[in-house]
Amino acid sequence: LFCALLEALTFASLIYWVEPRTNISSLQQALWLTIVTMTTVGYGDVSPETTWGYFLVSALIISSALYMAIPLGIVGNAFSKVWEDKDRLLLMQRTRGRILQGGYSAQDIPELFQLFSKNEGHLTLNMFRKMIQQ
């Protein structure tokens with residue numbers, strides 16, 4: 001958020017500096033153009049007139065797209081990992097529900113595993129299924 005604010009203020013200042021006052025009359029109007037451009041809304045009520053203005057707004061569009069692509073990639077990757085892991089999460093939720101439904105608590109879990117593992121210290125898939133069914 002800090003980087004986006006810094007980018008907006010920097011580009012707004014530069015646009016205000018290169019554009020004529022007949023087009024961009026205040027720093028607030030330059031900031032409006034910058035925010036609308038960064039968020040890809042693009043109302044079209046304010047646009048650059050000078051070559052340098054077009055250059056700065058073009059650079060702003062590219063840098064904003066790159067800046068926004070990074071968080072979207074991170075969120076998309078996290079969603080993908082959770083989606084891939086959904087079966088395990090659903091199994092955990094069902095198992096937790098079954099254990100609580102049976103009147104057991106978290107402290108009883110090691111004893112349950114020990115009871116069904118035949119003192120081996122681990123459960124196979126078949127042992128686990130048997131435990132859940134009973």
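In the predicted model, Val-41 is located in the loop that connects helix H2 (27-38) with helix H3 (51-84). With a relative accessibility of 44%, Val-41 is classed as partly exposed. Together with Trp-32 and Tyr-43, Val-41 makes a nonpolar surface patch of about 330 Å². The two aromatic members of this patch differ in exposure class: Trp-32 is partly exposed, at a relative accessible area of 37%, whereas Tyr-43 is exposed, at 57%.

Three aromatic pairs are present in the structure. In one of them, the ring centres of Trp-32 and Tyr-43 are 5.6 Å apart and the ring planes meet at 5°, so the pair is stacked. Trp-32 belongs to helix H2 and Tyr-43 to the loop between H2 and H3; the pair therefore ties together parts that are 11 residues apart in sequence. A further stacked pair is formed by Phe-79 and Trp-83, for which the centres are 6.2 Å apart and the planes lie at 20°. Both angles fall under the 30 degrees below which planes count as stacked. Phe-79 and Trp-83 are four residues apart in helix H3 and are thus separated by about one helical turn. Both residues are exposed, Phe-79 with a relative accessible area of 56% and Trp-83 with one of 53%.

Charged side chains are also placed over aromatic rings. Lys-86 lies over the face of Trp-83, at 5.1 Å from the ring centre, and Trp-83 is the residue whose ring is stacked with that of Phe-79. Elsewhere in the chain, Arg-21 is positioned over the face of Tyr-16, with a distance of 3.9 Å from the ring centre.

Two salt bridges were identified. Lys-86, besides its position over Trp-83, forms a salt bridge with Asp-87, in which the closest N and O atoms are 3.7 Å apart. This distance meets the criterion because a salt bridge requires the nitrogen to be within 4 Å of the carboxyl oxygen. Lys-86 is partly exposed, at 31% relative accessibility, while Asp-87 is exposed, at 52%. In the other salt bridge, the side chains of Arg-88 and Asp-85 meet at an N to O distance of 2.7 Å. Arg-88 and Asp-85 are each partly exposed, with relative accessibilities of 43% for Arg-88 and 27% for Asp-85.

In the interior, the largest nonpolar core comprises 13 residues. Those with the most contacts inside this core are Ile-15, Ile-24, Ala-30, Leu-33 and Met-38. Helices H1 (2-18), H2 and H3 are the elements that contribute two or more residues to the core. Of these, H1 supplies the largest share, amounting to five residues. Helices H2 and H3 thus take part in the core and also flank the loop that holds Val-41.

Towards the other end of the chain, Gln-133 is part of helix H6, which covers residues 125-133. Gln-133 is exposed, as its relative accessibility is 69%. The C-alpha atom of Gln-133 is separated by 9.0 Å from that of Arg-98, although the two residues are 35 residues apart along the chain.

Notes: Residues numbered from 1 in each chain as written. Predicted model: local features only at pLDDT ≥ 70, side-chain atom pairs only at ≥ 80, totals over all residues. Heavy atoms only, no water. Patch = residues over 30% accessible without salt bridge, like charges linked within 9 Å, V, L, I, M, F, W, Y side chains within 5 Å. Areas by Shrake-Rupley, 256 points an atom, 1.4 Å probe, with all protein chains shown as cover. Buried < 20%, exposed > 50% of the residue type's maximum accessible area, 1.4 Å probe, protein only. Phe/Tyr/Trp six-rings, centres within 6.5 Å; stacked < 30°, edge-to-face > 60°. Lys NZ or Arg CZ within 6 Å of the ring centre and 35° of its normal. Core = buried A, V, L, I, M, F, W, Y, C linked by side-chain atoms within 4.5 Å.
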